[in-house]
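Work through the exercises below with the sequence and the model at hand. Each task is followed by a solution in steps.

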Amino acid sequence: MFKKMALRGVERFERRFAYDSSYLKEILQISPRAFWAITRLQTLSGFRQHVPQEAWFAAKLVAALHEDCGPCAQLVVNMARHAGVSADVLRAVVTGAEETLGDELGDDVRLATRYARATLARSNDDSVISEVEQRWGKLGLLSLALAVVMSRFYPMLKYALGHGKACVRLCIDEAHLPVTRQKTAGQERGILS
């Protein structure tokens, strides 16, 4: 009974966000207990307080691109678009062109992406952490920290189970953009070419 209900939930998720969750279906077959534990992580993945939605999704997208060559990053894009984040913001984040975004929205997105990239590079940049805390408080910092960490969890799990082999082109509205891997500051991170 639990397996059938869980499978229907996974299939609804797949349809809603155009995402292949075959790794979750495999986990469900191997261990419903492990599947249940993983699905409970969704609460952490969705934690956002005091951070604007666009900035939060920007941090998630930077982290997904760092770990993944497409499918999980595409999922973040699809979820962001579903939540109302503009395609322009997402394209700017994926291409590293956040400076093209104007006004307060642009400032928020730039700070969130700078924070995510510094965290991924393990730069111990206290100034960006302080800036995040000044703008959004401790809850905002925690929200961005969880966004980065949890956006890395799922791609790592997929790769560890042998499901991380397929690269895809990111689709933001009608634009299809290839994702490549590039060394940056001693780290790999996904960028568009």
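**Exercise 1.** Classify the crossing of α2 and α3 and list the residues that make the contact.

Step 1. The axes of α2 and helix α3 (residues 32-40) come within 5 Å and cross at roughly 135°. Axes are lines fitted to C-alpha atoms, for helices over the stretch in contact, and angles run from 0 to 180 degrees between N-to-C directions. Helices (H or I, at least four residues) and strands (E, at least two) are DSSP runs, numbered from the N terminus.

Step 2. Angles under 35 degrees count as roughly parallel, over 145 as roughly antiparallel, 65 to 115 as roughly perpendicular and the rest as oblique. The pair α2 and α3 is therefore oblique.

Step 3. On α2 the contact (heavy atoms within 4.5 Å) uses L24, I27, L28 and I30, and on α3 it uses P32, A34, F35 and I38.

Step 4. Eight of these residues are nonpolar, none polar and none charged. Here Ala, Val, Leu, Ile, Met, Phe, Trp, Tyr, Cys and Pro count as nonpolar, Asp, Glu, Lys and Arg as charged, and the others, Gly among them, as polar.

The model is predicted: local features need pLDDT of at least 70, side-chain atom pairs count only at pLDDT 80 or more, and totals for chains, interfaces and linings use all residues. Residues are numbered from 1 along each chain as its sequence is written, and side-chain values use heavy atoms, with hydrogens and water left out.

**Exercise 2.** Which elements give two or more residues to the largest nonpolar core?

Step 1. A nonpolar core is a set of buried Ala, Val, Leu, Ile, Met, Phe, Trp, Tyr and Cys residues joined through side-chain atoms within 4.5 Å. Buried means under 20% relative accessible area, exposed over 50%, partly exposed in between (1.4 Å probe, protein chains only).

Step 2. The largest core has 39 residues, and L61 and L144 have the most contacts inside it.

Step 3. The elements are α5 (53-67), α6 (71-83), α7 (87-95), α8 (103-120), α9 (126-160) and β1 (169-172). The most comes from α5, with ten residues.

**Exercise 3.** Is A80 buried or exposed, and what does A80 touch?

Step 1. A80 is in helix α6 and is buried, at a relative accessible area of 0%.

Step 2. Apart from neighbours within four places in sequence, A80 contacts F57, V85 and L90.

**Exercise 4.** Locate A18 and give the sign of its phi.

Step 1. A18 lies in the loop between α1 (2-17) and α2 (22-30).

Step 2. Phi of A18 is positive, near 50°, in a residue other than glycine. A18 is exposed, at 66% relative accessible area.
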